[in-house]
Amino acid sequence: MTDSAVPTLSSDDPVDRFLNVLSLQGGEARTTEDIFVGQSEPMPGGRVFGGQVLGQAVIAAQRTVPEERLVHSLHGYFLRPGDSLKPITFSVDRINDARSFSARRVQAFQEGEPIFSMIASFQTAGAGLEHATPMPEGIPDPESLSELPRGADQVHPMSKRLLTDRPVEVRHVLPAVYLHADPDARPENAAWVRTRRRLPDDPALHRAALAYISDHTIQESVMRAHGIAWTRPGIKVASLDAALWWHRPARVDEWLLYVQESPSASSGRGLATGRIYTRDGLLVATSAQEIVIRVPDAS
């Protein structure tokens, strides 16, 4: 994907803006590291969306490895809230290049301070052992589900715009917790996800986009366990770290099922894990994320 082929951030199409955000500038500047610069999606609260930084960091690292080597895992820490109005500088350290694998360390900076740090590994694909946890049964088709939650007419216009103007379409399998808590208080969540229109046929782009998508809804497995909705007064939720393993190729512009669960919450932190499947049941990725979650009246 070339920078000249990507529309500007002013586009009315959220997928155009998304592609532009992933099309980092630079790569020519290099000291001991490769340097890239990216912009951010506009966000109502002014904070950079964590999935965006994940996707951009994957793109930055991918540009420093041979084209046939694709990312298969990342481990990242969110260090500071980013400002969506300011550019982000990504520095890539070429840690290691072996026979089949490459390792890269990526740091994201704003105004000289790190906001995100990641190590990712890339592999030239080859034959090997194969097995996978099957997709859960009884999941309704995405066409039978709605994107907007029950009572969408009550959503604040800014929040409603965030739901409908993002590049990713999300259809919850369980009742959405945007407005109302889940009365069953279960530590699990599931949603169908895809980009709002077709993307270019670049496998590296689809892997970066999957990193972006992995930060959608996964926090809700923790929230559902405690009967908490996003509208709970005084609630504060922020990602502390994230991990993602790509198992098999997949297109993110086709429906993917994101199944999540939370095995634990303690000390104001909640852990969530997720599995991402194609519509025909192929396990394509596994994710994990720990969040800080603070509820003023929680015991």
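This is a short tutorial dialogue on reading helices, cores, a loop residue and a pocket in a predicted model.

Me: Let's start with the helices. How many residues of helix α2 are buried?

Reply: A residue is called buried when its relative accessible area is under 20%. In α2, 13 of 13 residues meet that, so the helix is mostly covered. Helix α2 runs over residues 50-62 and spans 18 Å from its first C-alpha to its last, close to the 18 Å expected at 1.5 Å a residue.

Me: And why is helix α4 described as largely enclosed by the rest of the structure?

Reply: A general point helps here. In an α-helix there are 3.6 residues a turn, so residues three or four places apart point the same way. Now the case at hand: α4 covers residues 203-213, and because ten of its eleven residues are buried, the rest of the structure largely encloses it. Among the buried ones are H206, R207 and Y212. Look at the start of α4 too, where a side-chain oxygen of D202 comes to within 3.0 Å of the backbone nitrogen of A204.

Me: Which residues have the most contacts inside the largest nonpolar core?

Reply: Think of such a core as buried nonpolar residues joined through their side chains. Here the largest one has 61 residues, and L74, F90, F116, W246 and I293 have the most contacts inside it. A second, separate core has nine residues, including L145, W192, L257 and Y277. For a closer look at the largest core, pick I293: beyond its neighbours within four places in sequence, its contacts include V222, M223, I228 and V237, as well as K236 and the glycines G268 and G270.

Me: D253 caught my eye. Is D253 buried or exposed?

Reply: The cut-off for buried is under 20% relative accessible area. D253 has 9% relative accessibility, so it counts as buried. You will find D253 in the loop between β9 (236-246) and β10 (256-266).

Me: What does the side chain of D253 reach?

Reply: It reaches the backbone nitrogen of L199 at 2.8 Å. The side chains of D253 and R251 are also joined by a polar contact of 2.8 Å. Setting aside residues up to four places away in sequence, D253 touches R194, T195, R197, R198, L199 and H206. H206 is also one of the buried residues of α4.

Me: Last one: which residues are closest to the centre of the second largest pocket?

Reply: That pocket has a volume of about 590 Å³. Of its 20 lining residues, Q123, G126, W246, H247 and R248 are closest to the centre. The elements giving two or more residues to the lining are β3 (69-78), β6 (113-124) and β9. You have met W246 already, among the residues with the most contacts inside the largest nonpolar core.

Notes:
Residues are numbered from 1 along each chain as its sequence is written. This is a predicted model: local features need pLDDT of at least 70, side-chain atom pairs count only at pLDDT 80 or more; totals for chains, interfaces and linings use all residues. Side-chain values use heavy atoms; hydrogens and water are left out. Buried means under 20% relative accessible area, exposed over 50%, partly exposed in between (1.4 Å probe, protein chains only). Helices (H or I, at least four residues) and strands (E, at least two) are DSSP runs, numbered from the N terminus. A polar contact is a pair of N or O atoms within 3.5 Å; within protein, one must be able to donate a hydrogen and the other to accept it, and residues adjacent in sequence count only if both atoms are side-chain atoms. The expected span of a helix is 1.5 Å times one less than its number of residues. A nonpolar core is a set of buried Ala, Val, Leu, Ile, Met, Phe, Trp, Tyr and Cys residues joined through side-chain atoms within 4.5 Å. Contact means heavy atoms within 4.5 Å. On a 1 Å grid over the protein atoms alone, a cavity is a set of points where a 1.4 Å probe fits but cannot get out, and a pocket is an open set with protein on both sides within 12 Å along at least five of seven lines; lining residues have an atom within 4 Å of a point. Grid points are joined across faces, edges and corners, and a volume is the space filled by probe spheres set on the points.
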